[in-house]
Structure formats: structure tokens, C-alpha cells
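Trainee: I am new to this structure and should like to study a single part of it closely. Please give me a connected account of how the strands are arranged and of what lies against them.

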Amino acid sequence: MKIYDYTVKDAQDNDVSLKEYEGKVLLIVNTATGCGFTPQYDGLQDLYDKYNAQGFEILDFPCNQFANQAPGSDDEIADFCQSRYGITFRQFKKIHVNGDKEEPLYTFLKSQKSGSIGKSIKWNFTKFLVDRKGNVIERFAPATTPEKIESKIKELL
């Protein structure tokens, strides 16, 4: 399978085919609203503002698997992100990124690029960079800030 073969649920529980993003550079991130890395939303929004018109998209997947740091409903998470960080990129339904209930998209992403602890996602704000052809180019650790990824995004655009 390829990344464009997956369908995910947006924050309003609508099906979204990733074919919608074909030909775009993607940054796919599992996020949490109560994490030490949550301020990275500012950097993510900055990247989105700079590069969206050139074909860059951020896909935000809230995840509550790590220390219960995203306990709210999808609506509460979206409200928090929009009011606190001015998020305008698309947010999706809260998911699992590891284990028996993991989102199939994340099974695919992890099969393409392993991290420091193997295939499992270590923590919130793990990031996957995908090129315009749907290839998973790189996986970034949670501590890697959006600003440190900017040059890689520019190369792909």
C-alpha cells in the first residue's frame, strides 16, 4: 500500500482520503495538548503559514497514549489549539499510534521509517515528512522542533 491508499477520520468524524493530499509535501504529527512539546504548535503553524501556498500540508493527529496528555474530546482539542495557538491546519480525530488499536496510517508510517526505539512511536510530536510522491522521507523525534525541519521541507517543495 501507499500513503494515498489510506482513509482517516477528521476531527468532525468525516472520512478523509489521503488521495486529497497527492502531490503535496506532508508533515504528519501525533500531538497532545498537555505535553511539554505542545508549544511546538507555534512552530508548526509558522511553517504552515510560510509554505502552504507552495503545496505544504500538516496533518495533526492528537494522541492520548502518552501520559494521558490529550484527554479532551476532539472538539475540546480543536478549540484549545485554535484559541491558544491559532491553528489553521487540519486536525484529525484522536488516534492510537502504537498497539492493538493503532491507526493503520501509523502502522504504514512506522514501517517506512523507524525511530530511536525501533518502529514504536516514542512520544507526542513525532513527525513524519512525506514528499510529493507519497514517499516517507524522514522521521523526526519529538524534541526536533519544527524550525529544525524547515530546510528539509523547503528542499521538497
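Mentor: The account below follows the strands in turn and then moves to the neighbouring elements.

This is a predicted model, in which local features need pLDDT of at least 70 and side-chain atom pairs count only at pLDDT 80 or more, while totals for chains, interfaces and linings use all residues. Residues are numbered from 1 along each chain as its sequence is written, and side-chain values use heavy atoms, with hydrogens and water left out.

Helices (H or I, at least four residues) and strands (E, at least two) are DSSP runs, numbered from the N terminus. Five strands form an open sheet with mixed pairing, in the order β5-β4-β3-β6-β7; two strands count as paired if DSSP finds at least two bridges between them. At the edges stand β5 (90–91) and β7 (136–140), each of which pairs on one side only.

Starting from the β5 edge, β4 (residues 56–62) runs parallel to β5 and is joined to it by two bridges, with D60 opposite Q91 of β5. The pairing of β4 with β3 is also in the parallel sense, over seven bridges, and here F61 of β4 faces N30. On the other side, β3 meets β6 in the antiparallel sense through four bridges; L27 has L129 of β6 as its bridge partner. Finally, β6 and β7 run antiparallel, joined by four bridges, and V130 stands opposite V136 in β7. The hairpin of β6 and β7 has five residues between the strands, and G134 there takes a positive phi near 90°.

How well is β3 (25–31) covered? Seven of its seven residues are buried, where buried means under 20% relative accessible area, exposed over 50% and partly exposed in between (1.4 Å probe, protein chains only). V25, L27, V29 and T31 lie on one side of β3, and L26, I28 and N30 on the other. In β6 (127–130), K127 and L129 point one way, F128 and V130 point the other way, and all are buried.

Two helices bear on this picture. Helix α4 lies across β3, β4, β6 and β7, running at about 20° to β6; such angles run from 0 to 180 degrees between N-to-C directions, and axes are lines fitted to C-alpha atoms, for helices over the stretch in contact. Helix α3 (104–112) has L105, Y106, F108, L109 and K110 buried, and what covers its buried residues includes β1 (7–9), β3, β4, β6 and β7.

Helix α4 (residues 146–156) also meets helix α1 (residues 40–51): their axes come within 9 Å and cross at roughly 25°. The two helices are therefore roughly parallel to each other, a term for angles under 35 degrees, with over 145 counted as roughly antiparallel, 65 to 115 as roughly perpendicular and the rest as oblique. Their contact (heavy atoms within 4.5 Å) involves Q40, G43, L44, L47, K50 and Y51 of α1 and P146, E147, E150, I153 and K154 of α4.

One loop residue completes the view. K93, in the loop between β5 and α3, is partly exposed at a relative accessible area of 29%. Leaving aside residues up to four places away in sequence, K93 touches K9, D10, A11, D13, F61, P62 and D74. K93 and V29 are 64 residues apart in sequence, yet 12 Å apart in space, C-alpha to C-alpha.
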